[in-house]
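The exercises below ask for a careful reading of backbone geometry, ring pairs and ligand surroundings. Please work through each task with the structure in view before turning to its solution.

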Amino acid sequence: MDLTKDADAARATLRTMWTIRRFEEAVDDLFARGLMHGTMHLSIGQEAVPAGACLALREGDYITSTHRGHGHCIARGARLDAMMAELLAKETGYCRGRGGSMHIADVATGNLGANGIVAGGVPIAAGAGLAVSMRGGDEVVVSFFGDGAVNEGAWHEGVNLAAIWDLPVVFVCENNHYGMSMSVGKAFKVERLAERAAAYGIPGVTVDGNDPQAVHDAVSDAVHRARAGQGPSLVEAVTYRWKGHSKSDKNLYRPREEIEAWREQDPIARFERVVAATLSEADVAACRDEARDAVREAIRVANAAPDARADSLADAVYARGDA
Amino acid sequence: MTAVLPKHRTLTYSEAVREALAQAMEVDERVFLLGEDIGTYGGAFGVTGDLVHRFGERRVRDTPISELGIVGAAVGAALAGMRPVVEIQFSDFTAQAMDQIVNQAAKIHFMLGGAASVPMVLRAPGGSGTGAAAQHSQSLEAWFAHVPGLKVVMPSTAADAKGLLLAAIDDPNPVIVLEHKLLYKQSGPVPEEATRVRLGETTVRRTGGDLTIVATGVMVSRALQAAEQLAADGIEASVLDPRTLRPLDAAPIVDSVTATGRALLVQEAPRTGGFMAEVAATIVESSAFGHLRAPVARLCGLDVPIPYAPRLERAAVPQTEDIVRGARELVTAW
Ligand SMILES: Cc1ncc(C[n+]2csc(CCOP(=O)(O)OP(=O)(O)O)c2C)c(N)n1
C-alpha cells in the first residue's frame with residue numbers, strides 16, 4: 001500500500017501518528033500536573049513504527065506490545081477513552097484500573113497486552129503464532145519490542161521457536177538507540193540488530209523507522225511471508241525517543257545535540273512534507289485537529305467515569321468457568 | 001484404603017498421567033503437549049510414552065531446550081485460544097521459566113481486568129529420592145503457592161494424578177501440577193472414565209481420633225505407613241492430603257484438628273518459608289485453636305540442598321520412622 005500517494009492511506013497514517021503524539025503529550029501533561037500517577041513511558045518521536053506496521057495488519061491479527069505501548073495500542077485501533085480511563089485509574093479503563101500504562105491491552109483488537117518485562121512478549125507472540133498455525137488459520141502476530149529486548153534470553157528463545165516451527169510472527173524491533181541509558185553502541189557488537197535474524201535462519205531487514213512507508217513496506221513483506229506459511233521475519237526500525245526513558249529520567253546519558261538532531265527528523269513533520277502532493281493543507285490540518293479533539297474527548301469521558309473500585313479487587317485474580 | 005469400584009484398574013501414577021493427557025486430547029482439539037523430549041523419546045520419565053504415535057508430532061510437540069520460551073509459547077497459545085500442557089523435565093528447571101510463570105501467566109488475567117485468561121497447565125516432577133542431587137531434587141511448591149493467579153496441585157496417588165490433571169486442563173487458569181518422581185512407578189486403582197478430581201479439595205485419607213497428620217506429595221504415603229505402625233501401638237491418626245495447595249481447602253483440616261486437638265504437618269521441602277508454615281498459621285488462626293492440646297508441630301526437610309549420597313539424601317527429608325516418632329511425641333508429651 002502506498003501511504004503517500006493514496007489519499008485515504010495518507011490520512012489514516014497521519015491521523016494515527018498525530019493521535020499517538022497528542023495522546024502522549026496529553027498524558028505527559030496530566031502526569032506533570034499530578035493528575036495521573038504511576039509511571040509512564042512515552043514513544044514520542046517513534047510514531048511511524050506502530051502506524052506503518054499496524055496498517056499491514058487486518059482484523060483477527062494479533063500484536064504483543066511493550067512498556068512503551070501506547071502507540072501500538074492506538075495504531076491497532078483501541079478506543080482512546082478506554083485507554084485514557086485506564087491511565088486515569090478508572091473502572092471503565094481497558095483493565096479496570098488493574099493494569100495502567102504498562103499493561104494496557106485491548107483484547108478486542110487482538111492486542112494481547114503491553115508488558116512490563118523487557119522481551120516478555122516475544123515468546124508469547126510465538127505462542128499466539130503457534131495457536132494460529134495449529135488451527136490452520138492465516139492470522140499473523142506482530143511482536144513489538146525495543147533494542148534492549150534483543151539481548152534477553154526470552155527474545156532468543158521466542159524467536160528460535162517461531163523460526164523452527166515456521167510460525168506466522170513478525171518481530172518488529174523499535175531500535176530507539178537506548179535501553180534506558182544503555183546505548184545500542186555499548187550493548188551490541190553487531191552494527192545492525194537485524195543481523196541477529198541470520199542466527200535463527202530467518203530474514204532480517206533494517207529500515208528507517210521514522211518513515212512510515214519504509215516500516216509499512218518491510219512489515220507488509222514479512223506479513224505476506226507469514227500468511228503464506230513461510231515463517232517469521234525480523235524488522236528493525238531505526239528511530240529515536242525524544243523524551244526520557246520514563247518519568248525519572250534526567251537524560252544525562254545522551255547529548256542535547258543528539259536529541260535536537262533527531263527532533264529535526266520528526267516522523268510526522270517529514271510525512272506531512274512527503275504527502276503535500278497528496279493531501280491539501282486543509283486535509284493535513286484536519287488530521288491534526290481530529291487527533292487533538294479525539295484526545296480531548298477521551299480525557300473528558302474518562303474523567304467523568306467512576307474510579308476503579310477496590311471492592312472487586314479479588315474478582316479477576318482467577319478466571320471462572322470456561323475461558 | 002480406597003474402595004476399588006468395578007471401573008477401576010490398577011495403573012501406575014505415570015500411566016495415570018498419560019491416560020489423562022490422552023483423554024483430554026481425544027475430546028478437545030485445543031489440548032496439546034509441549035516439552036523437551038516428550039515425543040519419540042517418550043519424556044524424561046517416560047510419562048508421555050507413545051502419545052506422539054497416537055496424536056502426532058503436531059500435538060505432542062518436542063521443543064528445543066528453552067524452558068522460558070516453552071512456557072512463554074504456552075502462555076501465548078493459551079491467550080490465543082488453545083489449551084497447552086507443558087512438561088518441564090525437572091521442576092528445578094522452572095527457575096529458567098520463572099518470568100513467564102510468575103510475571104506473565106499468573107498476572108495477565110488480573111492485569112487485564114479479566115479481559116483475557118491463560119488456560120494452561122505446567123506439569124513438572126519434583127522431589128528427592130533418586131540420587132539426582134541438589135539441582136534435580138527440589139520441592140518448590142511454596143514458590144508457586146505464594147503467587148496469586150497460579151493454582152498449584154500435588155497429586156499423591158495414581159487416581160489423583162489423573163483426576164487432578166484433567167481438572168487442571170479444564171481450568172481457565174494457569175495450573176502448576178507438581179508430580180513426584182518417586183511416585184511415577186507406584187500403582188493404584190484409577191477410574192477408566194475421565195473422572196475429575198476437583199481443584200481445591202482436601203481429602204481425608206485415613207481417620208483417627210488421636211492426632212491429625214497433614215502431608216503432601218510423597219509424604220502422604222509415608223504418613224499412611226506411619227499411621228499403620230502407630231495404630232499397632234494404639235495411636236490412631238487421621239491423615240489429610242490437601243492435594244491442591246492453592247487454593248487451599250482448609251475446612252477439613254480445621255475440622256480434623258478440632259476433633260483430635262493435635263496437628264503434625266509433614267512436607268518434603270525445607271522448613272523455612274515452606275507450605276506447612278501456611279497450614280500451621282491457618283490452623284492457629286482458626287476455631288481449631290481453642291481445641292489444640294499441643295503446639296502445632298512441623299516435620300520438614302532440612303534447610304539444606306538435597307545431597308547426592310543415599311544416606312545423606314534420606315537424612316535430608318522426613319522418612320516414615322520420623323513421622324512415627326514425631327506423632328508419638330506429640331501424643332505422649334502433651
Ligand atoms: C527483564 C527486565 N529487565 C529490566 C527492566 C527495566 N527496564 C524497563 S524498560 C527498560 C529499557 C528497555 O529498553 P528497550 O527494550 O530498548 O525499549 P525502550 O525502552 O527503548 O522502548 C529497562 C531496563 C524490565 N522492565 N524488565
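**Exercise 1: Backbone geometry**

Ala133(B) is found in chain B, in the loop that runs between β5 (121-126) and α6 (141-145), and the model to which this residue belongs is a predicted one. Determine what the sign of phi is at Ala133(B), and then examine Asn251(A) and the peptide bond between Arg246(B) and Pro247(B).

*Solution.* Begin with the general expectation: most residues other than glycine have a negative phi, and most peptide bonds are trans. Ala133(B), although not a glycine, has a positive phi of about 70°. Turning to chain A, Asn251(A) is likewise a residue other than glycine with a positive phi, near 60°, and its place is in the loop between β7 (233-238) and α9 (256-264) of that chain. Finally, the peptide bond that joins Arg246(B) and Pro247(B) is cis, with omega about 0°, and Pro247(B) lies in the chain B loop between β12 (244-246) and α9 (251-260).

**Exercise 2: An aromatic pair**

Find how many aromatic pairs the whole structure holds, and classify the one formed by Phe45(B) and Tyr184(B).

*Solution.* A search over all chains yields 10 aromatic pairs. For Phe45(B) and Tyr184(B), the centres are 5.4 Å apart and the planes make an angle of 40°, which places the pair in the tilted class. Next, locate the partners: Phe45(B) belongs to the loop between β2 (31-35) and α2 (51-59) of chain B, while Tyr184(B) belongs to the loop between β7 (175-180) and β8 (187-191) of chain B, so the pair ties together parts that are 139 residues apart in sequence.

**Exercise 3: The ligand and its shell**

Describe where the ligand sits and which residues are closest to it, then list polar contacts that it makes.

*Solution.* The ligand occupies the second largest pocket. It is surrounded by 15 residues, of which the closest are His67(A), Arg68(A), Gly116(A), Gly148(A) and Tyr178(A); by class, the shell comprises five nonpolar, seven polar and three charged residues. A nitrogen atom of the ligand lies 2.8 Å from a backbone N or O atom of Gly116(A). An oxygen atom of the ligand is 3.3 Å from a polar backbone atom of Ala149(A), and an oxygen atom of the ligand is 2.8 Å from a side-chain N or O atom of Asn176(A). As a last step, consider the surface: the ligand taken alone exposes 580 Å², and the protein buries 74% of that.

How values were computed. Residues numbered from 1 in each chain as written. Chains lettered and ligands numbered in written order. Predicted model: local features only at pLDDT ≥ 70, side-chain atom pairs only at ≥ 80, totals over all residues. Heavy atoms only, no water. Near = heavy atom within 4 Å. Polar contact = N/O pair within 3.5 Å; in protein donor to acceptor, adjacent residues only side chain to side chain. Areas by Shrake-Rupley, 256 points an atom, 1.4 Å probe, with all protein chains shown as cover. 1 Å grid on protein atoms, 1.4 Å probe; cavity = no way out; pocket = protein on both sides within 12 Å on 5 of 7 lines; lining within 4 Å. Sits in = over half its atoms within 2 Å of the grid points. Nonpolar A, V, L, I, M, F, W, Y, C, P; charged D, E, K, R; others polar. Helix = DSSP H or I, 4+ residues; strand = E, 2+ residues; numbered from the N terminus. Phe/Tyr/Trp six-rings, centres within 6.5 Å; stacked < 30°, edge-to-face > 60°.
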